[in-house]
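Me: I have a structure open and would like to talk it through with you. Could you take my questions one at a time?

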Amino acid sequence: MKTQIVVVGGGAGGLELVSRLGASFDRKLFDIVLVDLNQTHIWKPLLHEVAAGALDANLDEVGYRSHAFRWGYRYFDGRLESIDREARQIVIAPIMDDNGAEIVARHRIRFDYLVLAVGSVSNDFRTPGVKDHCIFLDDRSQADRFRQRLLNHCLRVSRTLSVDPSAKAYVSVSIVGGGATGVELAAELYNAAAALRYYGLETFDESRLKVTLIEAGPRILPALPEKLADGARKELEALGVRVLSGMPVVEVTEEGVRTKDGEFIQADLRVWAAGVKGPEFLREIGGLETNRNDQIVVRPTLQTTVDDRIFAIGDCCHCVLEEGGRPIPPRAQAAHQMATTAFKNLQLLVAGKPLVPFAYRDHGSLISLSRFSTVGSLMGNLVGGRLAIEGRIARIVYVSLYRMHLVAIHGWLKGSVMIVVGHVNQVIRPKLKLH
Ligand SMILES: Cc1cc2nc3c(=O)[nH]c(=O)nc-3n(C[C@H](O)[C@H](O)[C@H](O)COP(=O)(O)OP(=O)(O)OC[C@H]3O[C@@H](n4cnc5c(N)ncnc54)[C@H](O)[C@@H]3O)c2cc1C
């Protein structure tokens, strides 16, 4: 029987990992298997652009079936439910159709080695009303839902204004969480609103948008140096965003959000982007050690603390490299680097050699304020510590993270073609996805 390496989750980390495993491991001896609950992959940092309509996800998504054929791994559609460590099998939930009829019954997939790369979900910190009245940007379907609702509200306001141009009609959006996701979405919404008038909503423009960005901490973008975060705040305010910091949200209703100091902010759309945690089904899954955020605790080799054959990478793992150190942050660059280490360590493990520890290189943080600006800081020896960058150079570095992902999952040739196609699409395709 072939040695079976199973990767669950084909996201920023998992898809890069199976591509490398499929390309490198001898197919006569190894079966590489990817399990994902979706049939297509979209790089998660693009989701705020999908939500605002600035990006058509149909053009950027990757179908797992064709990708698997090209890279020499097998893809199974399914949702990981539990792990039977003794039998070395994972349990996949039944697959149902839209009407609730069972297509594939609950089943098991055996593994010799298992890598969990299932990402994260938004953390609502048990704030009342968030689950029922907020949209999260955890996956493509949620981003699509947000875009559809946004367009409906824009249409409503546009119709009101065509009947009565002096009407006080607005689309109000509250975004909770002043990290990268919240800030990038706020800016992207103004970009989208400005473009709408060219696509049939003649009476609508960005002055009809009221966006409030609410952050519990003392300032937005805590991962950036204060000066840059301040610059980003000013840029957002110049666009029209109301930025509130030091303002925890205590409740969300279908009408808006309430802050700790008692203010109620009316909002047609409420987005929760205030931090992430591991998905709940991971809690003590298969007897593995998890932290209080439902992330799987791993050793520096990225192996789980209780099972040498099971690894976890990316947002779903809790990885601290030195005692008392900070956990590796849930970022695409960390998932990318962990995929590289997991690949090396799987090679070493099957060869019976000692594994290498993961070393995280923080290349910095870059925030795209849509077409208006890009700010951030680069880290590393090359730039002598931390270097604040803005404008065109920052934009180029920001975009290069996605380009690295494209090259990692498609190879140099196809990856480069995809980058060129992306440029062509920017010129020939509509600036907004309106359906
Ligand atoms: C709007 C937004 C902007 C961001 N911007 C940046 C940025 O600029 N820079 C940066 O470094 N990071 C950014 N991030 C964070 C980054 O997207 C994540 O850190 C990264 O995607 C994590 O990679 P991952 O492989 O761990 O998980 P993911 O990329 O989330 O992939 C997880 C995969 O697991 C699958 N899955 C989940 N549950 C199951 C299950 N039960 N069974 C089977 N499959 C399952 C999912 O379908 C998905 O394909 C951003 C995130 C968001 C939401």
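Reply: Happy to! Let's begin with a definition: a residue is buried under 20% relative accessible area, exposed over 50%, and partly exposed in between. Please keep in mind that this is a predicted model.

Me: Thanks! Where is Ala359 found, and is Ala359 buried, exposed or partly exposed?

Reply: Ala359 is found in the loop between α9 and β25. Its relative accessibility is 41%, and partly exposed covers what lies between 20% and 50%. Therefore Ala359 counts as partly exposed.

Me: Which residues is Ala359 in contact with, leaving aside neighbours within four places in sequence?

Reply: One partner is 22 residues apart from Ala359 along the chain, with 8.3 Å separating the C-alpha atoms of Ala359 and Gln337. Contact is judged on heavy atoms within 4.5 Å. With that rule, and with the sequence neighbours left aside, Ala359 is in contact with Leu321 and Gln337.

Me: Let's turn to the sheet. In what order do the five strands of the open sheet come?

Reply: The edge strands, each pairing on one side only, are β5 (74-77) and β23 (310-312). From one strand to the next, the twist averages 20°. The pairing is parallel, and the order is β5-β2-β1-β11-β23.

Me: Which residue in β5 is the bridge partner of Asp36?

Reply: Strand β2 covers residues 30-36 and pairs with β5 in the parallel sense over four bridges. For Asp36, the bridge partner in β5 is Asp77.

Me: Which strands does helix α4 touch?

Reply: Helix α4 (residues 64-71) packs on the sheet, and its direction makes about 160° with that of β5. Another helix, α1 (residues 14-24), lies across β1, β2 and β11, running at about 160° to β2. As for α4, the strands it touches are β2 and β5.

Me: Now for charges. How far from Arg270 is the nearest side chain of opposite charge?

Reply: Arg270 has its place in strand β20 (residues 269-272). It is buried yet has no salt bridge, and its side chain reaches the backbone oxygen of Thr253 at 3.3 Å. A salt bridge needs a side-chain nitrogen within 4 Å of a carboxyl oxygen; the nearest side chain of opposite charge to Arg270 is Asp268, at 6.5 Å.

Me: Which residue forms a salt bridge with Arg106?

Reply: Arg106 sits in the loop between β9 and β10, and its partner lies in strand β6 (residues 80-84), 25 residues apart. The closest N and O atoms of the pair are 2.7 Å apart. The partner counts as partly exposed, at 31% relative accessibility. That residue is Glu81.

Me: In the salt bridge of Lys131 with Asp124, which residue is buried?

Reply: The closest N and O atoms of this pair are 3.6 Å apart. Lys131 has a relative accessible area of 61%, so it is exposed. Its partner has a relative accessible area of 13%, which is under the 20% cut-off. The buried residue is therefore Asp124.

Me: Last one: how far apart are the closest N and O atoms of Asp362 and Arg331?

Reply: The two residues are 31 residues apart, with Asp362 in the loop between α9 and β25 and Arg331 in the loop between β24 and α9. Asp362 is partly exposed at 29%, and Arg331 is partly exposed at 23%. They form a salt bridge whose closest N and O atoms are separated by 3.8 Å.

Note on methods:
Residues are numbered from 1 along each chain as its sequence is written. This is a predicted model: local features need pLDDT of at least 70, side-chain atom pairs count only at pLDDT 80 or more; totals for chains, interfaces and linings use all residues. Side-chain values use heavy atoms; hydrogens and water are left out. Two strands pair if DSSP finds at least two bridges between them. Axes are lines fitted to C-alpha atoms, for helices over the stretch in contact, and angles run from 0 to 180 degrees between N-to-C directions. Buried means under 20% relative accessible area, exposed over 50%, partly exposed in between (1.4 Å probe, protein chains only). Lys and Arg count as positive and Asp and Glu as negative; His and the chain ends are not counted. A polar contact is a pair of N or O atoms within 3.5 Å; within protein, one must be able to donate a hydrogen and the other to accept it, and residues adjacent in sequence count only if both atoms are side-chain atoms.
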